[in-house]
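Q: Please take a close look at one part of this model: the aromatic rings and what surrounds them. Keep it brisk, and walk me through how the pieces connect.

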Amino acid sequence: MATKNVQAKLVLLGDMGTGKTSLVLRFVKGQFFDCQESTIGAAFFTEVLSLDEAIVKLDIWDTAGQERYQSLAPMYYRGAAAAVVLYDITSMESFEKAKRWIEELQRQASPRMFTALVGNKADLDEKREVDNEVAEEYAKQNGLHFFETSAKTAQNVNELFYEIATTLARTCPSRSSGMKIQIRQSRRGMYCCFS
Ligand code: G3D
Ligand code: MG
């Protein structure tokens, strides 16, 4: 049987400083920096995951400071098959901001979009402001996948991205032959099944 090939756009949303760039670097490069430079300009990563059921190519878009300008967001998440909305477990304010992003996605984005609520910096439990149970309950009520992660210790980072890839492998159609894909991409500039 031919292997299924899926290509999908994944966007990271959330307040500045929640660890979006750190989380992607941990996943893609296996690294963590205590002094992570703020993201300026485009930040784009591609990662290919080989699963039993499919090969999933994730085009990961890290917000390049757009989190400051919420009005630019729709352009950023248009065509995305998956969104990861991050908050920092040591900041209630970042959790409230994450909820605003979720509400915006629910209003604007495709209802089929895979959406995960992610509480990062789980290694800083002694400074925790957001209860795991409160966030998990919110996620449940809103039909979101939920994880607590640490880009620093790598806790749950692979689990998060593999859950995304496994779900997309199931829900996205396989890329067809080169010609058709080229036409779709040049016309719409989008990926996967939600373009
Ligand atoms: P952003 O891309 O969402 O703006 P960054 O966030 O990835 O730039 O991270 C912001 C700060 O949080 C960085 O520290 C980074 O090292 C730290 N950080 C990110 N993830 C974690 C984590 O899981 N645990 C801990 N303890 N720190 C984390 P600085 O000092 O550069 O502000
Ligand atoms: Mg960043």
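A: Buried here means under 20% relative accessible area. This is a predicted model. By that cut-off, Tyr87 and Phe95 are buried. Tyr138 is buried as well, like Phe95.

These three residues belong together. Tyr87, Phe95 and Tyr138 make up one aromatic cluster. The structure holds 4 aromatic pairs. Among them is Tyr87 with Phe95. Their ring centres are 4.9 Å apart and their planes stand at 65°, so this pair is edge-to-face, given that planes over 60 degrees apart count as such. Phe95 also pairs with Tyr138. Here the centres are 6.1 Å apart and the planes meet at 75°, so this pair is edge-to-face too. Phe95 thus takes part in the pair with Tyr87 and in the pair with Tyr138.

Now the sequence context. Phe95 lies in helix H3, and Tyr138 lies in helix H4 (residues 132-141). Their pair therefore ties together parts that are 43 residues apart in sequence. Tyr138 has a charged neighbour: the charged end of Lys99 sits over its ring, 5.4 Å from the centre. A further contact of this kind involves Lys9 and Trp61. There the charged end of Lys9 sits over the ring of Trp61, 3.8 Å from its centre.

Next, the sheet. It is an open sheet of 6 strands. The order is E2-E3-E1-E4-E5-E6, and the pairing is mixed. Strand E2 (43-50) and strand E6 (145-148) are the edge strands, each pairing on one side only. From one strand to the next, the twist averages 20°.

Strand E4 covers residues 82-88, and strand E5 covers residues 114-120. E4 and E5 run parallel and are joined by 7 bridges. In one of the bridges, Ala83 has Thr115 in E5 as its partner.

Two helices pack on this sheet. Helix H1 (residues 20-29) touches strand E1 (4-14), E2, strand E3 (54-62), E4 and E5. The direction of H1 makes about 35° with that of E2. Helix H3 (residues 92-108) touches E1, E4 and E5. The direction of H3 makes about 160° with that of E4.

That brings the account back to the rings. H3 packs on the sheet, and H3 carries Phe95. Through Phe95 and Tyr138, H3 is tied to H4. Tyr87 completes the cluster.

Notes:
Residues numbered from 1 in each chain as written. Chains lettered and ligands numbered in written order. Predicted model: local features only at pLDDT ≥ 70, side-chain atom pairs only at ≥ 80, totals over all residues. Heavy atoms only, no water. Pairing = 2+ DSSP bridges. Helix = DSSP H or I, 4+ residues; strand = E, 2+ residues; numbered from the N terminus. Axes fitted to C-alpha atoms, helices over the stretch in contact; angles between N-to-C directions. Contact = heavy atoms within 4.5 Å. Phe/Tyr/Trp six-rings, centres within 6.5 Å; stacked < 30°, edge-to-face > 60°. Buried < 20%, exposed > 50% of the residue type's maximum accessible area, 1.4 Å probe, protein only. Lys NZ or Arg CZ within 6 Å of the ring centre and 35° of its normal.
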